[in-house]
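User: Hi! Could you walk me through this structure? I'm new to this, so plain words please.
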Amino acid sequence: MTNETRKVSLWTSINSERKGLEHVEGSDLISAEVIELIRIAFLEKLSDKRVDAYTHNRSGEDVSLARVFG
Amino acid sequence: MNTAKPLRFLDFNSQENPLVIIKQNLKSIQSSYLFQYLKDLDCKSLLIEDNYFDRDFLSEVSAVYCLSAKGYPNVCKRLHFFSSELTREKFALAAGSDEKSERELNEHYLGFIVIRPINGSPFGRTVLKWYADLNRDTPRITQPARVYVSSLAGVELSVNGLAWQQQDSGVAACATIGIWSMLHSSAFDARHAIPTTSIITEAAHSSALVGHQTYPSYSLTYPQIQHAIKQLGFSPSYTSGDQPGQFFSKSRFANICAAYIRSGYPLMIGGSHEDGGIGHAVCALGFREVAVTNTPVAGEVYLQDEEIEYIYVHDDNIGPNVRFKLEEETYSFEGGISTRCVMKMEKPGYLESDETPNLDNTSFYPKAVIAAVHNDLMISSDGFFRHGIILTGQLCNILNTYLRSQGFEEKALAFSSRFLMLKEYLKDELERQLFGQPELLSSVRMQLQENVAPMSLHLAILRIALPDSSIMVDVIFDTTDTDKNKSVFCHVVFDETLARIIEALPENMRLAEFGAKVAAYIK
């Protein structure tokens, strides 16, 4: 059974069932031109608004120390 | 004086079953829930120890109930439940060390409930077996659960779960019970004795800054909860909602729950049943794993765990292992409209029953989560998510740069994160991941042992994969450094092509972001 039909998660999949990336047989070297493109791509500034969601705790809005859990 | 009493063996539906008696007399939600839960587990019989000294209750007696004019006894009952008929003769065989009988008892053992001699809140320490998990590919994750062994007449009965109990509002409030359940977690097995409820309440009140009358304990505040966790030798990891009014977005709440629970840390969830209602705290101990279901768009980064739909909660006002569905709803606040996460109790379809009252009517709005974590865990789940989003985005960028240059189709990536002990990663996680590939498993373990700088006791694992869950790389971070430093030990790379792409980065950049290379593929 393949991952496509089983819908496994990142923590239940196993290596022997994984699909790899495409690979150019016999060309293990990446050209200098592509290496430079990879370097530039890695440094490219990314904007992802989800980062903000993990930046702002709203603890300042917790109106008082008196919020109780009973 | 306490006196000798024989063990009693009853049919589950017997009118002498203490659970049935409590249900009839109190008509409480907890008694109905526990009765239904056990019925759903196909409970057929129970064994009653009428004399049981419970460590927690003895501590409660010592702190509060011994002062009462009522004269509370110090002995409890303990009820053991079975999914088969149990007779005195069968149990006596097991007591004679008959292996077959003892094994059969354990195969049908459903767990236990301690019944305290407190009329209004009788349910003490309770550990019940989980109901069947029908989906093995996206299983129920209950990492904090541990094995509890009960011993009576020399017979050992084992059940896997996490302890729950009802608040008595004398020694313990809901938050106290939440902390108590959290500290029962398997994550702490190696290093501490589990504190009793009275020890927790007294720890919460041990600072003059947060002092009010210790007993009776009706409630705790956020600072008291965090203070108690610190006093008991752990670090409180606090996260509050990201939306106006301190509510959570569903995706963030789901991600945080998954990250901690998958790591074995239960979470105390503070919130309220209604807007502005009285605060309540519950303890989350499980969730249903998910696969990435979105149709992947090339170049996008997916957070697998934000799609989680179900979490499992100990609610002292309801019972253990209560299933809640995570939903998103629109709400208005001063200045606009937003969406927030709401937890709605939902019994699994295959456990439907016509019992009354209908318990599936509870909604809960989470506003803060607090985990008790090991003191060496310096990085936060929030900080790790931020870094995960950015690093996976960068990896997606360079991957697609390469794929474009070769004329291949571009890809999306997904990630998930967890904290894990080094020994558990080396032993269980790699063994599961590399199942059936002993030579590769050996090679990866040896590389991690010999080629990587000494690693911390706990690791932060960023697992990056294609959206179909084909694992590409585990990036392994140091948990003993700060969020800002993002100290990385190594990357265990499962794909040779991706390994070559990462190797194309300048060495200083590669080592700073991915650490040492561990090859987990066959060359």
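Analyst: Happy to! One term before we begin: two residues are in contact if their C-beta atoms, placed from the backbone, lie within 7 Å. Also keep in mind that this is a predicted model.

User: Got it. How many residues does each chain put into the contact?
Analyst: Chain B supplies 70 residues and chain A supplies 49 residues.

User: And which part of chain B gives the largest share of the side that touches chain A?
Analyst: That would be H10(B), with 12 residues. Sorted by class, this side of chain B has 31 nonpolar, 26 polar and 13 charged residues.

User: Let's switch to chain A. What is it built from?
Analyst: Chain A has 3 helices and 1 strand, and along the sequence they follow the pattern α-α-α-β. Of its 70 residues, 20% count as buried.

User: Cool. Now the largest nonpolar core: which residues touch the most other members?
Analyst: The core has 168 residues, and those touching the most other members include B:Ile179, B:Ile225, B:Cys257 and B:Met268. Helix H10 of chain B, residues 381-405, gives the most to this core, with 9 residues. At least three residues come from each of domain 1 (8-373) and domain 2 (381-519) of chain B.

User: Why would nonpolar side chains be buried together?
Analyst: In soluble globular proteins, that is a general tendency of nonpolar side chains.

User: Can we zoom in on B:Met268? What does it touch?
Analyst: Leaving out residues up to four places away in sequence, B:Met268 touches B:Ala175, B:Gly178, B:Ile179, B:Met182, B:Ile225, B:Ala281, B:Cys283, B:Val369 and B:Ile370.

Terms used:
Residues numbered from 1 in each chain as written. Chains lettered and ligands numbered in written order. Predicted model: local features only at pLDDT ≥ 70, side-chain atom pairs only at ≥ 80, totals over all residues. Core = buried A, V, L, I, M, F, W, Y, C linked by C-beta atoms within 7 Å. Buried ≥ 20, exposed ≤ 12 C-beta atoms within 10 Å, placed from the backbone. Helix = DSSP H or I, 4+ residues; strand = E, 2+ residues; numbered from the N terminus. Domains from an automatic or database assignment. Nonpolar A, V, L, I, M, F, W, Y, C, P; charged D, E, K, R; others polar.
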